[in-house]
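Q: Please take a close look at one part of this model and at what packs around it. Then follow the packing outward, and say how far the prediction can be trusted.

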Amino acid sequence: MMSPETTQKNLRVWIYTRYSTDKQSQKSIEDQLTECQRFCARNGWRVAHVLRDPELTGFIDLRPGYQELLAAIENREVDVIVAENIDRIVRDGEHSAALEKSCTFHDVQIWTIQEGKVGPMQLALKSLMSGEMRRTVALQAHRGLAGNVAKGRSAGGLSYGYEIARDHRGDRIVGELCIVDHEAAIVRRIMSEYADGKTPQKIASDLNADGIPSPSGTAWRQNTINGNLKRGTGIINNELYIGVRVWNRLEYRLHPKSQKRVSRRRPREEWVVAEVPLLRIADDDLWDRVKQRQMGLRSPCRTEAVAGTPEAKPYSFRRAKYLLSGLLFCRCGGRLTIAGTGKKRYYCERAKQLGPSKCAGMTGLPQLEAEAAVLAGMKKDLMQAAAVAAFRDGMEKEFKKTSEAASEEKAAVEKRLRKVDKQIGNATSAIMAGMNSPALLQELSKAEEQKADLIARIDQLRRPPLEIPKDLDRRFADLVRNLETVLSKPDLIVQAADVMKTLVEKIVVKERPEGGHILDLQGNLARMLKASAPNLDWPNDDLFESSRKLVAGVGFEPTTFRL
């Protein structure tokens with residue numbers, strides 16, 4: 001092993017440790033740390049910081065510990081990085097190149113127990129070798145799994161209804177599965193009920209009501225049953241239940257930007273199919289009835305959408321179709337979704353998916369009545385004189401707190417600035433006296449940067465005190481009128497929904513025993529204030545919260561406004 005070129009005890013040494021999967025022992029990190037600490041002790045280095053990244057691969061750089069290390073390099077907080085070997089720090093060629101550039105620019109050395117001092121060429125070659133080895137191992141493992149499947153053995157993964165088989169000693173038999181009888185009965189129940197016309201939502205609801213654990217151990221959901229026909233996921237699409245194992249249907253790749261595992265459907269000719277009659281749970285008649293009903297429910301447009309494989313967009317990225325889209329929630333916490341071919345109504349999505357054991361649901365809330373109730377209440381009652389006065393008082397108190405806190409922080413920052421000025425003066429005097437060592441120059445540079453940051457912060461804290469506009473009620477009324485104007489044009493519903501989201505955070509809907517619904521409108525008046533006076537420099541959006549109750553149903557009778 002090479003001996004370090006320097007034994008300076010004032011070097012800031014950071015140790016980095018990592019292991020890849022939960023199959024490796026936690027002792028792996030502690031063993032690495034012990035060896036690295038011994039390495040540092042032999043070379044006279046004092047360890048300043050230790051980083052740990054458990055159960056994370058070195059082929060991604062979005063690791064908390066590694067990101068902290070990169071930030072420390074950029075902030076000039078580390079002089080030497082110590083690890084067991086290069087593979088612990090980085091295993092990707094692109095990432096190793098970025099690390100090498102950053103270390104070279106900031107004069108940071110990399111030392112490992114196995115390689116000694118690591119140079120640019122060594123870092124690049126080792127990372128390239130790691131990447132090539134990974135691909136080779138993946139190909140070899142893939143070939144081996146394909147052979148196992150062809151012989152009727154499992155390639156990994158465990159479907160609901162099965163468990164790993166054991167020998168006469170109770171030891172697991174790798175690649176062998178056996179049927180779990182009570183789970184197999186649930187699989188047959190699901191298929192039978194689906195074939196008889198029961199919806200996946202109703203099936204999931206009944207299973208939850210009966211207290212039957214789902215494959216994940218939590219509540220059953222319709223997607224657990226429906227899955228994805230093209231990908232072969234979901235209870236009603238798993239061909240293993242009819243004694244056919246299909247493997248290699250999907251491939252997984254690491255996305256270069258998100259660094260997350262992404263699945264892709266392979267061409268059918270690459271699938272590996274094997275008969276495993278001992279694992280059959282459902283007979284052909286039951287399977288055929290399930291497939292007949294499933295095919296009968298698929299419309300041409302849905303089939304076309306699946307073939308094109310556009311995944312459903314996350315809720316937050318869907319374009320609003322209705323004024324209150326995304327704002328209505330059931331008292332159970334579930335989101336309300338709209339349904340109906342004629343007059344649209346809102347229903348609890350959670351009650352629909354999980355059943356009455358999780359939420360009793362509610363009578364459908366008419367879309368038009370809900371919108372009318374919210375608009376009427378906002379226009380008529382939200383900005384009553386008493387409400388405006390109470391809000392104004394609360395905001396003034398909050399502004400006062402903000403101003404006092406800013407004054408206290410300003411005093412603390414000014415005190416810190418005086419201390420930094422003194423450090424700069426001392427360092428400058430020392431340099432003028434001839435003590436211009438690299439360490440002293442570095443400390444002076446760091447102090448100058450701190451001074452600039454402190455001065456900038458003081459300037460921010462010198463903002464004039466905020467005042468609430470005297471015409472607050474008029475401003476807000478204009479905002480509501482703008483909403484009404486936009487709402488009158490159906491082609492501008494997206495803009496109307498955007499304005500509504502400016503004023504309202506969520507609306508909790510509760511059904512009244514005597515009929516109708518109570519709408520508990522929860523908004524942020526500070527945000528409303530910002531919307532009504534966008535030219536002012538407001539400190540934040542969370543100064544004050546409020547809610548407003550409205551009643552939808554007969555008469556839309558409004559209740560009291562709450563702050």
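A: Contact here means heavy atoms within 4.5 Å of each other. The model is predicted.

Start with helix α2, residues 64-74. Its buried residues are G65, Y66, L69, A72 and I73. Viewed down the axis of α2, these residues fall within an arc of 120°, so they line one face of the helix. What lies over that face? The cover includes three strands: β1 (13-18), β2 (47-53) and β3 (80-83). It also includes the helices α3 (86-89) and α4. Just after α2 comes R76, and its phi is positive, near 60°.

Y66 has a second role to note. The charged end of R63 sits over the Y66 ring, 4.4 Å from the ring centre. A charge also lies over a ring elsewhere in the chain: R293 is over the face of Y194, at 4.5 Å from the ring centre.

Now step back to the loop between β2 and α2. G58 is placed there. Why does G58 count as buried? Its relative accessibility is 0%, and the cut-off for buried is under 20%, so G58 qualifies. Beyond its neighbours within four places in sequence, G58 is in contact with R18, R63, V90, R91 and D92. R63 is thus a contact of G58 as well as the residue whose charged end sits over Y66. V90 is 32 residues from G58 along the chain, yet the two C-alpha atoms are separated by 5.1 Å.

V90 leads on to α4, one of the elements covering α2. Helix α4 spans residues 93-105 and holds S96. S96 touches V90, along with L123, A124 and S127, leaving out residues up to four places away in sequence. S96 is buried, at 2% relative accessible area. Its side chain reaches the backbone oxygen of G93 at 2.8 Å. So V90 is a shared contact, touching both G58 and S96.

Aromatic rings add further links. The model has six aromatic pairs. One of them joins W45 and W111, edge-to-face, with 5.6 Å centre to centre and 70° between the planes. W45 is in the loop between α1 (27-42) and β2, while W111 is in strand β4 (residues 109-112), so the pair ties together parts that are 66 residues apart in sequence. Both rings belong to buried residues: W45 has 6% relative accessibility, and W111 has a relative accessible area of 0%.

Y160 and W220 also pair, with ring centres 5.6 Å apart and planes at 90°, so this pair is edge-to-face. It too links distant parts of the chain, 60 residues apart. Y160 is in the loop between α5 (120-150) and β6 (162-166). W220 is in the loop between α7 (200-209) and α8 (222-226). Y160 and W220 are buried. As for W45 and W111, ring pairs link them with F39 into a cluster.

Last, confidence. The mean pLDDT of the protein is 75, and 67% of its residues reach 70 or more. Where does it stay under 50? Residues 299-319 are one such stretch, with 11 contacts beyond four places in sequence. Residues 553-563 are another, with 31 contacts beyond four places in sequence.

Technical notes
Residues numbered from 1 in each chain as written. Predicted model: local features only at pLDDT ≥ 70, side-chain atom pairs only at ≥ 80, totals over all residues. Heavy atoms only, no water. Helix = DSSP H or I, 4+ residues; strand = E, 2+ residues; numbered from the N terminus. Buried < 20%, exposed > 50% of the residue type's maximum accessible area, 1.4 Å probe, protein only. Polar contact = N/O pair within 3.5 Å; in protein donor to acceptor, adjacent residues only side chain to side chain. Arc of directions from axis to C-beta. Phe/Tyr/Trp six-rings, centres within 6.5 Å; stacked < 30°, edge-to-face > 60°. Lys NZ or Arg CZ within 6 Å of the ring centre and 35° of its normal. pLDDT = per-residue confidence, 0-100.
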